[in-house]
Amino acid sequence: MKKFLLLATFIMGCLSAQAQITLVKNQKPAARIVLTEKSDVNQQAATLLQDFIKRISGAELPILYNGAKKGDVLIGGNTTQATEDGFLLDTTNGMLRIQSGGDKGAIYGVVTLLEDYLGVNYYAKDFCTFNSQHTIILPEIKRAESPAFRYRQTHSYGNDDPLYKLWARLEEPSEMFIDDMWVHTFNRILPASRFGKEHPEYYSLINGERRPGTHSQWCLTNPDVFEAVCTQLDSIFKANPDLKMISVSQNDGNDTYCHCPECTAVDEYEGAHSGNFIRFLNKLAERFPDKEFSTLAYLFTMQPPKHVKPLPNVNIMLCDIDCKREVPLTDNASGQWFKEALEGWAKISNNIFVWDYGINFDNIVSPFPNFHILQKNMQLFKDNHVTMHFAQVNGIKGGDFSEMRAWMLSKLMWNPYQDSDALMRRFMEGYYGAAAPYLYQYQKIMQGALLSSGTELWIYDSPITHKNGMLNANLRKTYNELFDKAEEAVKDNPVLLDHVRLNRLTLRYSELEIVRTEAEGDPDIENKLNAFEKLCAHYGVQSLNERNNAPADYCALYRKRFLPNRQKSIAAGAKVTFQSAPDEKYRELGETALTDQLFGGTTYVESWVGWEGRDASFTLDLGEQKKFTRIEADFLHQLGAWILLPKGGRFSISQDGEHFEEFGSFQFAEDRDLQVKFVPGAVESSVPKQARYIKVEVETLGLCPDWHYGVGYPAWFFMDEISVY
């Protein structure tokens, strides 16, 4: 028996040795790259392999188009062992064959070979690592792989590095969708500016009126709409013959669906607003059977219909925008609502695209510790017939561990059953070097603090929401100590030090935001603000939120708005009495926030007091008669949250609180700028006035205009401080 084991070991060793392929020996090429068939993908795969073999060894393998022999690398041919974008690596018969399951399979086969067998790691935009080798010998390989999702996309700022994008196995809408039409396309297909005036009946009936607009929906039961859309699509298809998939999907905005009797009847029968949309898309899919139509299940269309089923060439793009992110989608109420929708769609469709959100739109450069939920959510998608996946993360440089988030997501999109914690450790060790242990500890402490605080994490979050939880003073001190150790560990490596310092920006920003809400302040806040501004400029951080507010503008406004040298208002602490009160959830806050001298930031969830579609009226009691020349109300402009400037307002003053005389009025012009702004409504008197009481009256805009996301619905306005000087 012992001799038999020795013989078996010897034979297996010989077979293994035969399977080994030498690509480079002593910095000289020992193999060739042979394309078995010509194509752009195969050529790109060959060039990629040639490039990295040369980087690793200094040897350049020649690329040929025929005459393969033992020891060569053969690229080309299809395999039935993999699906689209998948591949087969096989060293049988002394050659390495790289075959494709379709599309970019050959490229991704080369990427896997380089990463898993030759030690090349492409961690982030313009940053890859590998060890030099004078001799490169491949072991025996027989490996077939297919991706979990046929389409994989992140919103990473690294996507403008073509090599990184290939390495991450990512795709862009322009590669899949005709004319880059992949979401919110109603207005692109039937522009309201062209069709709205002549055919208002094409658009939603909202609050008793047809409301054509850039964010209005179509009247989907109107047969003329269907024919007009088909005419438009036919022209688009003829102009773009190379792709087959297009999105025909609702404009951005909530509850802007059509309320006409015909549409309402379908909604009631189907038990969901999505019923009208799926019926319409099915008709398109029948009219153009060679095309694939994607449509949104988003906000008011998230839930599936009860009766109609999408045809196979109708793709459902399901969005979890309203879900909280502190736990997986299976573990909180908002996530379970989405899970119910996902499972409902999975019962009637095998063609589902999930748009998942992993970003804080209002405060991108702030902590967002959701790494612990990424894998579980992705497994949920995979288990429910999801075939396409977009993770909207870190589209702006400077976001919370943006590079690691994008890298981990790209790995999990390919295979969501990997160990996500091991992926995190692997990335940290490669991208942060000796700083990795401290940053890993930082992530885990913050994750634990978030979960133990019981505070929700969501995509319009503010650091201030967490100032008594995961961002309390003691924890911020701990985090800074860990970052100090991380910086010290890589101080002699400028590249790794930059990686650490860039990711510390989120902590710096959080501290700035939290300090401005605290009456005691921070004596060193101006130096911290200057350091933040300098670092953002150094690292090329261009925006702090989805609305493109630049760091330099934020810092300039912070100095003017929040630093303690601001002029003190004589209305500080004044008692507020409402005649026309804010909405219920802001009423208690309004009793103090309007005169507490703490100004709100870019996120309406803190300090701001809101009225929806109604006028505001309230009186300030200054406690005694005081002299002043200026009254100023502070308003928030944030179109993405349906927060628009009101029409205007006026101030009145009184000695006794009963008889008022007008102090002055102000008006606002329409503002369509997407940037978040703080806009004063101010009146100044040329001569001092004396009064104890000040009445503030604000006239609402009423309904959102036709160009806005909330067309036909009540607009919000938000106020913060009333200042008197």
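**Pockets, backbone geometry and helix packing**

The largest pocket encloses about 1200 Å³ of space in this structure, which is a predicted model. Its lining is made up of 41 residues, and those lying nearest the centre of the pocket are Asp252, Tyr298, Ile321, Tyr460 and Gly640. Several elements of secondary structure contribute to this lining, with at least two residues supplied by each of the strands β18 (352-357), β19 (386-392) and β26 (716-724) and by the helix α20 (584-593). When the residues that line the largest pocket are grouped by class, 21 are nonpolar, 11 are polar and nine are charged.

For the second largest pocket, the volume is about 410 Å³. This second pocket is lined by 20 residues, of which Phe562, Leu563, Pro564, Gln597 and Leu598 are the closest to its centre. The lining of the second largest pocket comprises nine nonpolar residues, three polar residues and eight charged residues.

Positive phi values are found at two residues other than glycine, considered here in sequence order. Gln27, with phi near 65 degrees, is placed in the loop that runs between strands β1 (21-25) and β2 (28-29). The relative accessibility of Gln27 is 40%, and this residue is therefore classed as partly exposed, given that the partly exposed class lies between the cut-offs of 20% and 50%. Asp126, which is likewise not a glycine, has a positive phi of about 60 degrees, and its position is in the loop between β8 (121-124) and β9 (127-129). Because its relative accessibility is 57%, Asp126 counts as exposed, a class that begins over 50%.

The packing of one pair of helices was also examined. Two packed helices are described by the angle between their axes together with the distance between those axes. Helix α13, which spans residues 402-414, packs with helix α14, which spans residues 420-432, at an angle of about 135 degrees, and the axes of the two helices are 10 Å apart. The arrangement of α13 and α14 is therefore oblique, since an angle has to be over 145 degrees to count as roughly antiparallel, and the roughly perpendicular range extends from 65 to 115 degrees. As to handedness, α13 and α14 form a right-handed crossing.

Technical notes
Residues are numbered from 1 along each chain as its sequence is written. This is a predicted model: local features need pLDDT of at least 70, side-chain atom pairs count only at pLDDT 80 or more; totals for chains, interfaces and linings use all residues. Side-chain values use heavy atoms; hydrogens and water are left out. On a 1 Å grid over the protein atoms alone, a cavity is a set of points where a 1.4 Å probe fits but cannot get out, and a pocket is an open set with protein on both sides within 12 Å along at least five of seven lines; lining residues have an atom within 4 Å of a point. Grid points are joined across faces, edges and corners, and a volume is the space filled by probe spheres set on the points. Helices (H or I, at least four residues) and strands (E, at least two) are DSSP runs, numbered from the N terminus. Ala, Val, Leu, Ile, Met, Phe, Trp, Tyr, Cys and Pro count as nonpolar, Asp, Glu, Lys and Arg as charged, and the others, Gly among them, as polar. Buried means under 20% relative accessible area, exposed over 50%, partly exposed in between (1.4 Å probe, protein chains only). Axes are lines fitted to C-alpha atoms, for helices over the stretch in contact, and angles run from 0 to 180 degrees between N-to-C directions. Angles under 35 degrees count as roughly parallel, over 145 as roughly antiparallel, 65 to 115 as roughly perpendicular and the rest as oblique. A crossing is left-handed if the near helix is turned anticlockwise from the far one by less than a right angle, and right-handed if clockwise.
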